[in-house]
Amino acid sequence: MEKISNLKSADVPEEFCIFKTQLSLIEKGWLKGTYTIETFRTSNGHIFSMIRNRNVNNQIDRYSFFIDNEATFNEMDDFLAEVIKSDDLVNLAWYFKIVVQSKHMNYVLQKIEEKLAKSHKQDPKRFDHHMLIAPASKPKEMSVPQGYILGPLLKSHVDTVTEQWAADTGFTTVSDDMVHIVQENIAERPSFGVFTESDPRTPIAWCSMYGGSSLAMLHVKDGHRGKGLARILIRSMLKIAQEVHGIECRLHTCVHKDNLASQKLFLSEGWEIQAVNYKRIYFSFS
């Protein structure tokens with residue numbers, strides 16, 4: 001197995017659209033945090049790559065993998081031995097994600113779990129999500145209802161978004177890490193809010209994007225639901241992502257399995273549930 005030059009997003013087949021989109025985010029300056037990429041090729045010509053992302057505390061908070069579907073188990077073992085560093089495993093963020101888009105996902109996840117040097121737990125209720133991929137088609141234009149304004153989220157909106165995100169995901173307190181994530185989403189990537197004409201400074205609905213190319217934190221406040229605002233936000237995010245990264249770079253999102261209304265919304269917009277070839281695992285470390 002030899003180390004080779006890193007892939008460009010244009011080199012990645014569309015069936016691996018999540019990894020492809022993450023590379024495009026890096027190339028277009030939508031991911032400005034600390035990350036490293038390592039890419040290898042086996043003697044059989046199979047390609048492997050990993051994006052290692054670090055948070056503001058220099059801890060590993062995400063591994064994203066490109067795994068050749070034709071790879072052998074021995075090749076995957078060799079690749080993981082190259083990229084999963086012992087120093088990484090003792091410096092994992094408390095909220096650590098693994099992203100795999102491959103038919104070999106279960107094998108890869110099992111091997112990584114075996115390597116984890118810290119005690120960890122998965123919270124199956126909190127993180128029991130469906131994963132949906134955006135359609136490879138342009139969203140239809142949609143007008144904002146009378147009395148509302150669509151605009152960008154700003155630094156001044158961080159507290160509002162973070163507090164609601166914590167409540168929506170079941171956290172009782174807002175951590176510094178959560179604040180940093182929202183700050184990065186707003187500062188590094190397009191984020192949209194909906195405001196009322198009577199109070200154009202306070203968002204009543206919003207949506208942003210995580211560094212892993214996932215549509216994030218979609219929320220509409222009570223009293224403003226049923227007006228199509230969430231649909232407008234989803235289409236706005238998808239439109240600007242396609243304009244910058246191309247229609248083949250598809251966003252994805254996580255929707256809790258109990259959130260039937262959001263599932264119905266995304267499915268009606270042409271998003272597809274990924275039942276087999278995509279997995280995101282969250283580990284909480286004590």
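**A buried salt-bridge pair, an open sheet and its helices**

With a relative accessible area of 9%, glutamate 38 is buried in this predicted model. What residue does glutamate 38 meet in a salt bridge? The partner is arginine 52, and the closest N and O atoms of the two are 2.8 Å apart. Glutamate 38 belongs to strand S2 and arginine 52 to strand S3 (residues 47-54), so the pair ties together parts that are 14 residues apart in sequence. Arginine 52 also counts as buried, at 6% relative accessibility; the cut-off for this class is under 20% relative accessible area. Both residues take part in a network of salt bridges that links Lys3, Glu38, Arg52 and Lys85.

A search of the whole structure returns 12 salt bridges. Side chains of opposite charge can pair when their charged atoms come close. One of the bridges brings together the side chains of glutamate 2 and arginine 41, with an N to O distance of 3.0 Å. Here glutamate 2 comes from strand S1 and arginine 41 from strand S2 (residues 34-41), so this contact ties together parts that are 39 residues apart in sequence. Are these two residues buried, partly exposed or exposed? Glutamate 2 is partly exposed, at a relative accessible area of 41%, and arginine 41 is partly exposed as well, at 34%.

A salt bridge within a single helix is formed by lysine 111 and glutamate 114, whose side chains meet at 3.9 Å, N to O. Both residues lie in helix H4 (residues 105-115), and the 3 residues that separate them amount to about one turn of the helix. An α-helix has 3.6 residues a turn, so residues three or four places apart point the same way. Lysine 111 counts as partly exposed, at 22% relative accessibility.

Attention now turns to the chain as a whole. The protein chain holds 8 helices and 14 strands. Its radius of gyration is 19 Å, close to the 19 Å that the globule rule gives for 286 residues, so the chain is as compact as a globular protein of that length. Along the principal axes, the C-alpha atoms fill a box of roughly 65 × 40 × 30 Å. Of the 286 residues, 52% count as buried. The exposed area of the chain is about 13500 Å², of which carbon and sulfur atoms supply 48%. Among contacts with a separation of 6 or more, 71% are made by residues 24 or more positions apart.

One example of residues brought together from distant positions in sequence involves glutamate 14, whose C-alpha atom is separated by 7.6 Å from that of cysteine 249, 235 residues apart along the chain. Glutamate 14 sits in the loop between strand S1 (2-3) and helix H1 (17-27), where it counts as partly exposed at 36% relative accessibility. Neighbours within four places in sequence aside, the contacts of glutamate 14 are Lys20, Ala136, Glu248 and Arg250.

An open sheet of 7 strands offers a further view of the fold, with mixed pairing and the order S8-S9-S10-S11-S12-S7-S13. Which strands stand at its edges? They are S8 (148-152) and S13 (272-273), each with a single partner strand, so one side of each is left without a neighbour in the sheet.

Within this sheet, strand S9 (residues 192-196) runs antiparallel to S10 and is joined to it by 5 bridges. The two strands form a hairpin through 2 residues, and threonine 196 has aspartate 199 in S10 as its bridge partner. Strand S10 (residues 199-209) is in turn joined by 4 bridges to strand S11 (residues 214-220), again in an antiparallel arrangement. Facing residues in this pair include serine 208 opposite alanine 216 and alanine 205 opposite valine 220. The hairpin of S10 and S11 has 4 residues between the strands, and serine 213 in the turn has a positive phi of about 75°.

Helix H6 (residues 176-188) packs on the sheet, where it touches S10 and S11, and its direction makes about 100° with that of S11. What do the buried residues of H5 pack against? They pack against H6, S10 and S11. In helix H5 (residues 158-168), these buried residues are Val158, Val161, Thr162, Gln164, Trp165 and Ala166. After H5 comes glycine 170, with a positive phi near 85°.

Terms used
Residues are numbered from 1 along each chain as its sequence is written. This is a predicted model: local features need pLDDT of at least 70, side-chain atom pairs count only at pLDDT 80 or more; totals for chains, interfaces and linings use all residues. Side-chain values use heavy atoms; hydrogens and water are left out. Two strands pair if DSSP finds at least two bridges between them. Contact means heavy atoms within 4.5 Å. Axes are lines fitted to C-alpha atoms, for helices over the stretch in contact, and angles run from 0 to 180 degrees between N-to-C directions. Buried means under 20% relative accessible area, exposed over 50%, partly exposed in between (1.4 Å probe, protein chains only). The radius of gyration is taken over C-alpha atoms; the globule rule is 2.2 Å times the number of residues to the power 0.38. Accessible areas come from the Shrake-Rupley method with a 1.4 Å probe; for residues, only the protein chains shown count as cover. A salt bridge is a side-chain nitrogen of Lys or Arg within 4 Å of a carboxyl oxygen of Asp or Glu.
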